[in-house]
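Got the viewer open? Let's take a walk through this one, stop by stop.

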Amino acid sequence: MDDLRRIDLNLLLTLHALLAERHVSRAALRLHRSQPAVSHALAQLRGIFDDPLLVRRDGGLALTARALELQRPLEEALDRLQGLWHAPAFDPRRARRTFRIALSDYGSRVALPALTRRLREQAPGIDIAATQASREAMLTQLLDGEIDLALGVFHDCPGELETLTLFEESFVCLADRATLPARGHLTMAQWMARPHVLVAMRPGVDNEIDQALAASGHARRIAVTLPHWSVAPALIVGTDLVLTVAQRAVAHLRHDRKLRRFAAPFAIPPFPFQAVWHTRRDVDPAHRWLREQIVQVCSDGASSAIEAR
């Protein structure tokens with residue numbers, strides 16, 4: 001280790017060029033450095049290896065016995081170092097790995113089924129460990145390295161995290177078909193007069209729907225708050241409750257005879273559904289491959305959702 005402290009990578013690259021070119025000027029051209037700089041590096045190398053390395057012979061420079069001994073090991077060492085900057089090719093069919101993904105009940109519905117089918121077909125050795133947490137907790141888990149990826153809606157992510165918008169989502173209302181007027185939707189006054197279901201990790205948390213209402217000077221009555229998207233539609237059947245949710249969360253209910261989907265009577269801005277990961281994962285070929293699969297899955301799902309409207 002003491003010997004390694006006396007040399008840096010630039011000196012090894014210079015030595016490699018000198019041994020290959022056996023000429024200071026040509027080595028300088030190869031390295032895009034000045035001739036004096038290469039000559040100075042050669043002097044340092046001679047001191048480090050206690051050998052002239054290149055000696056004048058027949059009007060040119062020849063390698064010493066020590067230089068010849070160094071040539072092959074040096075090439076092999078530089079090849080290995082080069083490999084550090086070029087990740088090996090990723091073969092999903094041979095990969096064995098578990099990815100830890102945090103996502104909500106909604107995220108699970110829109111991404112996991114298609115992603116799981118794709119993994120079973122293309123990467124049967126890759127497993128998914130899904131967890132659920134609040135947005136803030138997901139970001140903390142990413143920063144701490146507890147999870148590999150988070151899917152959801154995030155605002156003001158820390159600089160160490162990368163964010164990719166997978167699609168933009170809009171809202172739709174859901175109510176028992178028998179409680180709706182003949183026209184199949186509610187006016188603003190009718191909508192406000194009804195009790196509502198809110199899907200949230202905990203009561204009192206700001207959400208896009210109530211923020212839009214507050215902007216127009218309204219506040220609705222929340223009769224039920226629950227953390228799961230999947231069970232929420234079942235609460236609507238046989239009641240006067242109204243559920244306002246992301247449309248992909250209830251796309252599978254478009255043919256339901258008891259429930260009816262309809263547009264909210266006021267404007268609710270769409271929101272981006274995102275993938276978030278730590279920058280430390282950027283160069284991981286397996287992680288990159290997984291992100292590409294999620295992008296494709298969400299793209300296919302977005303197309304299906306548009307067709308279902």
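Before you select anything, a word on terms: helices and strands here are DSSP runs, at least four residues of H or I for a helix and at least two of E for a strand, numbered from the N terminus. Keep in mind too that you are looking at a predicted model.

**The whole chain**

Start zoomed out, with the cartoon on. You should be able to pick out ten helices and twelve strands. The radius of gyration is 31 Å, well over the 19 Å that the globule rule gives for 309 residues, so the protein is more spread out than a compact globule. Line the view up with the principal axes and the C-alpha atoms fill a box of roughly 105 × 40 × 30 Å.

Now switch on the surface. About 17000 Å² of it is accessible, and carbon and sulfur atoms own 52% of that. Of the 309 residues, 41% count as buried. Among contacts with a separation of 6 or more, 74% are between residues 24 or more positions apart. If you colour by charge, you'll have 39 positive and 35 negative ones to look at, and their mean positions lie 5 Å apart.

**Colour by confidence**

Next, colour by pLDDT. The mean is 88, and 92% of the residues reach 70 or more. Which helix should you click for the highest confidence? Go to helix 7, residues 188-193, at a mean of 97; the lowest is helix 10, residues 285-308, at 78. Select 303-309 while you're there: the pLDDT drops below 50, and beyond near neighbours in sequence this stretch has six contacts in the model.

**Two buried stops**

Select Ile101, which sits in strand 3, residues 97-103. With 1% relative accessibility, Ile101 is buried, since the cut-off is under 20%. Show what surrounds it: beyond residues up to four places away in sequence, Ile101 touches Leu115, Ile128, Ala129, Ala130, Thr131, Leu149, Leu151 and Leu290. Put a distance label on one of these, Ala129: it is 28 residues from Ile101 in sequence, and 6.2 Å away C-alpha to C-alpha.

Then jump to Thr244 in strand 10, residues 242-246. Thr244 is buried as well, at 4% relative accessibility. Leaving out neighbours within four places in sequence, its contacts are Phe171, Val172, Cys173, Trp191, Val197, Ile209, Arg220 and Ile268.

**Out to the loops**

Now for some exposed spots. Select Gly59, in the loop between strand 1 and strand 2 (60-63). Is Gly59 buried or exposed? Exposed, at 86% relative accessibility. Draw a line from Gly59 to Gly159, 100 residues along the chain, and the C-alpha atoms turn out to be 59 Å apart.

Last, a pair of backbone oddities. Most residues other than glycine have a negative phi. Select Asp50, in the loop between helix 3 (35-49) and strand 1 (54-57). Its phi is near 55°, a positive value in a residue that isn't glycine. Asp50 is exposed too, with a relative accessibility of 72%.

Finish on Asp156, which you'll find in the loop between strand 5 (149-152) and strand 6 (161-169). What is the phi of Asp156? About 55°, so to speak on the positive side, although Asp156 is not a glycine. At 79% relative accessible area, Asp156 counts as exposed.

Key. Residues are numbered from 1 along each chain as its sequence is written. This is a predicted model: local features need pLDDT of at least 70, side-chain atom pairs count only at pLDDT 80 or more; totals for chains, interfaces and linings use all residues. Side-chain values use heavy atoms; hydrogens and water are left out. The radius of gyration is taken over C-alpha atoms; the globule rule is 2.2 Å times the number of residues to the power 0.38. Buried means under 20% relative accessible area, exposed over 50%, partly exposed in between (1.4 Å probe, protein chains only). Contact means heavy atoms within 4.5 Å. Accessible areas come from the Shrake-Rupley method with a 1.4 Å probe; for residues, only the protein chains shown count as cover. Lys and Arg count as positive and Asp and Glu as negative; His and the chain ends are not counted. The place of a charge is taken as NZ of Lys, CZ of Arg, CG of Asp or CD of Glu. pLDDT is the predictor's confidence in each residue, from 0 to 100.
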